[in-house]
Amino acid sequence: MSVRRSVIAGVGSYLPERIVTNDDLAKFVDTSDEWIVERSGIRQRHMVADGQFTSDLAIAAAKAALENANMDAQEIDLIVMATTTPDNTFPATATIVQDALGIHHGAAFDLQAVCSGFVFSLSTADNFLKAGQFKNALVIGAETFSRLLDWEDRTTCVLFGDGAGAVVLKSEEGGDGTVADRGILTAHLHSDGRYKDKLYVDGGPSTTQTVGHVRMVGRDVFRHAVVNIADVINEALLATDLTIEDIDWFVPHQANKRILDSTAKRIGLPPEKVVMTVAEHGNTSAASVPLALSVAVADGRIKRGDLVLLEAMGGGFTWGSALVRW
Ligand code: UT7
């Protein structure tokens, strides 16, 4: 039996030029490099320039992913863009990206699941491709999270950064329906709105008519993150009859080094299999997973045929995992 799979044909990313170190922040926030490194593992983050928008980052990442896939933009008929920081409340930033790439067919829309946005978008695009509704998708995670930060709240402003990552998903026939197939093997998504007040933005078009700032009960997010992430990874392994030993690379949402270390320990994954970019990028929300993927592909760690485990957890709460044969 021939099975249709969504294969990752290319990956790309973009980081704004400006690097802001912990010491830079300590000049105007009551914090220190020592505290930030110890509690989060973050050493620096990239930040957009004035006049640089989420769409600019997304367009650059999308172009890099298309080049990496050796594909023309005209072959894309679906864009799913994960972002919490759209250029404007509407239209979807995905349509700005679509137009900039010269694509005037197919569909383009934004998806909002905060830090889990890329995993949610990947799964959404995968389902469209598997159903035969579209052929080739761009899945983008792009954020200018710095624009949502309250620079007087040291418990949040030191943790986040800006950036974008993208993958090209190609619908391919011919898989035999086993875990040896290339492509997305399984994806698992969850939300639980009981925790919506643990990590949120205190503004919006319908409530305050302002953009608002990030608010977070860090300890509660941390506690839930480790448990939820481990659960949703086990779900992916159970669904595919794979074990943690089968995983070649773990590419998690880059929120906090301590969360990643605790999760890896809990699921029994050796640290050398964890792709970690949080020190250089900070938490870039929906962009963090494709950014980390891009780094590990570019430096030769992730190779064709490898089994790659993705996960993310964010506001809502939302959380999810995906297993991909590269
Ligand atoms: O994508 C998902 C998004 N979010 C996350 O994943 C975040 C999850 N949570 C975390 O990563 C951690 O909870 C944080 C890194 C946010 C905080 O670490 P923590 O070990 O939970 O610290 P804490 O909130 O318990 O704060 C400890 C102390 C407090 O001082 P007191 O009350 O003990 O005197 C804070 O006021 O650290 C203080 N503090 C800071 N000190 C220097 C909080 N932020 C800072 C700071 N610099 N930036």
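Let me start with strands S1 and S7. Ten bridges join S1 to strand S7, residues 162-175, and the two run antiparallel. One position to look at is Val11, which stands opposite Val167 in S7. Keep in mind that this is a predicted model.

These two strands belong to something wider. Five strands form an open sheet, in the order S1-S7-S6-S4-S5, and the pairing is mixed. Which strands are at the edges? Strand S1, residues 3-14, and strand S5, residues 107-111, are the edge strands, and each pairs on one side only. On average, neighbouring strands of this sheet are turned by 20° against each other, if direction is ignored.

Now the helices on that sheet. Helix H3, residues 54-69, packs on the sheet and touches S1, strand S4 (78-82), strand S6 (136-144) and S7. The direction of H3 makes about 120° with that of S1. Helix H5, residues 117-130, packs on the sheet as well, touching S1, S4, S5, S6 and S7. The direction of H5 makes about 160° with that of S4.

After H5 comes a residue on the outside. Ala131 sits in the loop between H5 and S6. Is Ala131 buried or exposed? Its relative accessibility is 60%, so Ala131 counts as exposed. If you want a sense of distance, take Ala131 and Gln254, which are 123 residues apart along the chain: their C-alpha atoms are separated by 31 Å.

Next, the domains. The domain assignment of the chain gives domain 1, residues 3-175, and domain 2, residues 183-325. Their C-alpha centres lie 14 Å apart. How many residues of each are in contact? The count is 52 residues of domain 1 with 48 residues of domain 2. The size of an interface is often given as the accessible area lost when the parts come together. For this pair, domain 1 and domain 2 bury about 3,800 Å² between them, and 67% of it is on carbon and sulfur atoms.

That brings me to the cores. The largest nonpolar core has 42 residues, and those with the most contacts inside it include Val214, Ile233, Leu237 and Leu323. Helix H7 (218-240), helix H8 (257-267), strand S12 (307-314) and strand S13 (318-325) are the elements that give two or more residues to this core. H7 provides the largest share, nine residues. Where does this core lie? Domain 1 and domain 2 both give residues to it, so the core lies between them.

Ile244 is another of the residues with the most contacts inside this core. Not counting residues up to four places away in sequence, Ile244 touches Ile233, Leu237, Ile267, Gly268 and Leu269. There is also a second, separate core of 31 residues, and among them are Leu122, Ala137, Leu310 and Val324.

Back to H7 for one polar residue. Asn228 is in helix H7. Its relative accessibility is 10%, so Asn228 counts as buried. Leaving aside neighbours within four places in sequence, Asn228 is in contact with Met313 and Trp319.

Last, helix H10, residues 288-298. Why can H10 be called largely enclosed by the rest of the structure? Nine of its eleven residues are buried, so that description follows. The buried ones include Ser288, Pro290, Leu293 and Val297. H10 is followed by Gly300, whose phi is positive, near 85°.

Key
Residues numbered from 1 in each chain as written. Predicted model: local features only at pLDDT ≥ 70, side-chain atom pairs only at ≥ 80, totals over all residues. Heavy atoms only, no water. Core = buried A, V, L, I, M, F, W, Y, C linked by side-chain atoms within 4.5 Å. Buried < 20%, exposed > 50% of the residue type's maximum accessible area, 1.4 Å probe, protein only. Helix = DSSP H or I, 4+ residues; strand = E, 2+ residues; numbered from the N terminus. Domains from an automatic or database assignment. Contact = heavy atoms within 4.5 Å. Pairing = 2+ DSSP bridges. Axes fitted to C-alpha atoms, helices over the stretch in contact; angles between N-to-C directions. Buried area = accessible area lost by both parts, 1.4 Å probe.
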